[in-house]
Amino acid sequence: MISSPFIACGRQPQFPEPAGFLPPTYTREQRLHRVLILDADRSYARLLGAALESRKQPLCQVSFAANESEALLLLKKQKSPEVLILSETFSLGARLNDQLKGYPRLINGKGPGMSKKADLQPGMRIEEICSRLSSCLEKAAPGGISSRPLIALYAFDARLRKAWLLHFMRQQLQQGRPVYYVPFLPAYEVSLPLQFSRGPELSSLLLMLQTGVQPPCEALGPCFEFQQGAYYALRPGGRAEDLRLSPLSVQKQLLQLLRRYIRSRSEASIAILEMAQEPLSRLRELVSLSDIFVCNLPGGKGYAATNARREISTLISELPENVHFLELSPPAREKNHEQL
């Protein structure tokens, strides 16, 4: 019933833990939620928006408008919001009200004459606002994930990336799910112990794609070699970094080929793309072709961590709706170091 050669032989997954480092026991599904603040007080709206965007839970991209015409222009240019934070003093015209029908909303009370139905009140702590926003966002939960997903793994911390990858693959293989591993990073960064014999190589496929030849997805199968750890790895060829150094158009064609190949398998399989050191502009293009994007959001208040969070938040906001974002969380004992 289980076709994995590894499970069929009765062996157990052999993935050693990195010394002195515990793998995360879970990965929380997280995505960038679009929030629209409608408030005539621009200063207050900016402060509230900045406070919400600085939080990791929920992860938000905030827009704001001070009047109906600004709101209509935003709705025309951007994706629709998932939640509104609406000042009870904001005047909703008929046209705007019609466009925003059905959207979950939080009513922001203003001053002593505010309505008893207000969800947010003056002086409310940001933690409480975030808690109420999270409850409201539950109404906009994402749909299901493919049973044969292509996962793009990217982390700013190499140890965290390796620990998560080993832990995740062990879980999947113990359940009998075939895993197809594609290293999309420098050879010295590869997290898994790979060994290859002679056989069809990725380099040949890349050359075909570069010359305009479109091979069938089945051509990818012979390029995968079964590894001792009971997973399949893509045989790179003579030069290990041919994939990383290929033009972006060729890389995207290969990922599309990989998606078709995984979906053509008779049993539920997983393809995982391990990535590192990619420019974020290129990373955005590649991750857009995946089903799941796994990445950590660095903690701390330093320049590097703050900019990394901002760049990743922007990247996530531009991904297609069908790409799920999973936040890669470090083990508890590592979290203290994030505050440095």
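Accessible areas here come from the Shrake-Rupley method with a 1.4 Å probe. All views show a predicted model.

**View 1. The whole protein chain has 12 helices and 12 strands.** The protein chain exposes about 16,800 Å². Carbon and sulfur atoms supply 52% of that area. Of the 340 residues, 49% count as buried. Among contacts with a separation of 6 or more, 77% are between residues 24 or more positions apart.

**View 2. Strand 2 (residues 33–38) is largely enclosed by the rest of the structure.** The reason is burial: 6 of its 6 residues are buried. In a regular strand the side chains alternate between the two faces of the sheet. In strand 2, His33, Val35 and Ile37 point one way. Arg34, Leu36 and Leu38 point the other way. Both sets are buried.

**View 3. Strand 2 pairs with strand 3 (residues 60–65) and with strand 4 (residues 83–87).** Strands 2 and 3 run parallel and are joined by 6 bridges. Leu36 has Ser63 of strand 3 as its bridge partner. Strands 2 and 4 also run parallel, with 4 bridges joining them. Here the bridge partner of Leu38 is Leu86 in strand 4.

**View 4. Gly49 is a residue of helix 2 (residues 42–53).** Its relative accessibility is 5%. Buried means under 20%, so Gly49 counts as buried. Leaving aside neighbours within four places in sequence, Gly49 is in contact with Ile37 and Val62. Ile37 belongs to the buried residues of strand 2. Leu36 is 13 residues from Gly49 in sequence. In space, Gly49 and Leu36 are 9.0 Å apart, C-alpha to C-alpha.

**View 5. Strand 10 (270–275) is covered on both faces.** On one side lie Ile270, Ile272 and Glu274. On the other lie Ala271, Leu273 and Met275. With 6 of its 6 residues buried, strand 10 is largely enclosed by the rest of the structure.

**View 6. Strand 10 pairs with strand 6 and with strand 7.** Strand 6 and strand 10 pair in the parallel sense over 5 bridges. Tyr154 has Met275 of strand 10 as its bridge partner. Strand 7 and strand 10 run parallel too, joined by 6 bridges. Tyr180 stands opposite Ala271 in strand 10.

**View 7. Glu278 lies in the loop between strand 10 and helix 10 (280–287).** At 5% relative accessibility, Glu278 counts as buried. Its side chain makes a polar contact with the side chain of Arg244, at 3.3 Å. Leaving aside neighbours within four places in sequence, Glu278 is in contact with Tyr154, Phe184, Arg244 and Leu283. Tyr154 is also the bridge partner of Met275.

**View 8. The largest nonpolar core has 41 residues.** Leu220, Phe224, Leu258, Met275, Leu283 and Phe293 touch the most other members. Strands 6 (150–154), 7 (179–184), 10 and 11 each supply at least two residues of this core. Helices 7 (202–210), 9 (248–263), 10 and 11 each do so as well. The largest share, 7 residues, comes from helix 9. Another core, of 24 residues, lies apart from this one. Its members include Leu173, Val179, Ala276 and Leu328.

**View 9. Phe293 is one of the core residues that touch the most other members.** The contacts that follow leave aside neighbours within four places in sequence. Phe293 is in contact with Ala152, Tyr154, Leu283 and Val287. Further contacts of Phe293 are Leu315, Leu319, Val323, His324, Phe325 and Leu326. Leu283 is also in contact with Glu278. Leu315 is one of the buried residues of helix 11.

**View 10. Helix 11 (residues 303–317) has 15 residues.** From its first C-alpha to its last, helix 11 reaches 21 Å. That is close to the 21 Å expected at 1.5 Å a residue. An α-helix has 3.6 residues a turn, so residues three or four places apart point the same way. Buried in helix 11 are Ala305, Ala308, Arg309, Ile312, Ser313, Leu315, Ile316 and Ser317. Their cover includes strand 3, helix 10, strand 11 (292–295) and strand 12 (324–327).

Notes: Residues numbered from 1 in each chain as written. Predicted model: local features only at pLDDT ≥ 70, side-chain atom pairs only at ≥ 80, totals over all residues. Heavy atoms only, no water. Buried < 20%, exposed > 50% of the residue type's maximum accessible area, 1.4 Å probe, protein only. Contact = heavy atoms within 4.5 Å. Pairing = 2+ DSSP bridges. Polar contact = N/O pair within 3.5 Å; in protein donor to acceptor, adjacent residues only side chain to side chain. Expected span 1.5 Å × (residues − 1). Core = buried A, V, L, I, M, F, W, Y, C linked by side-chain atoms within 4.5 Å.
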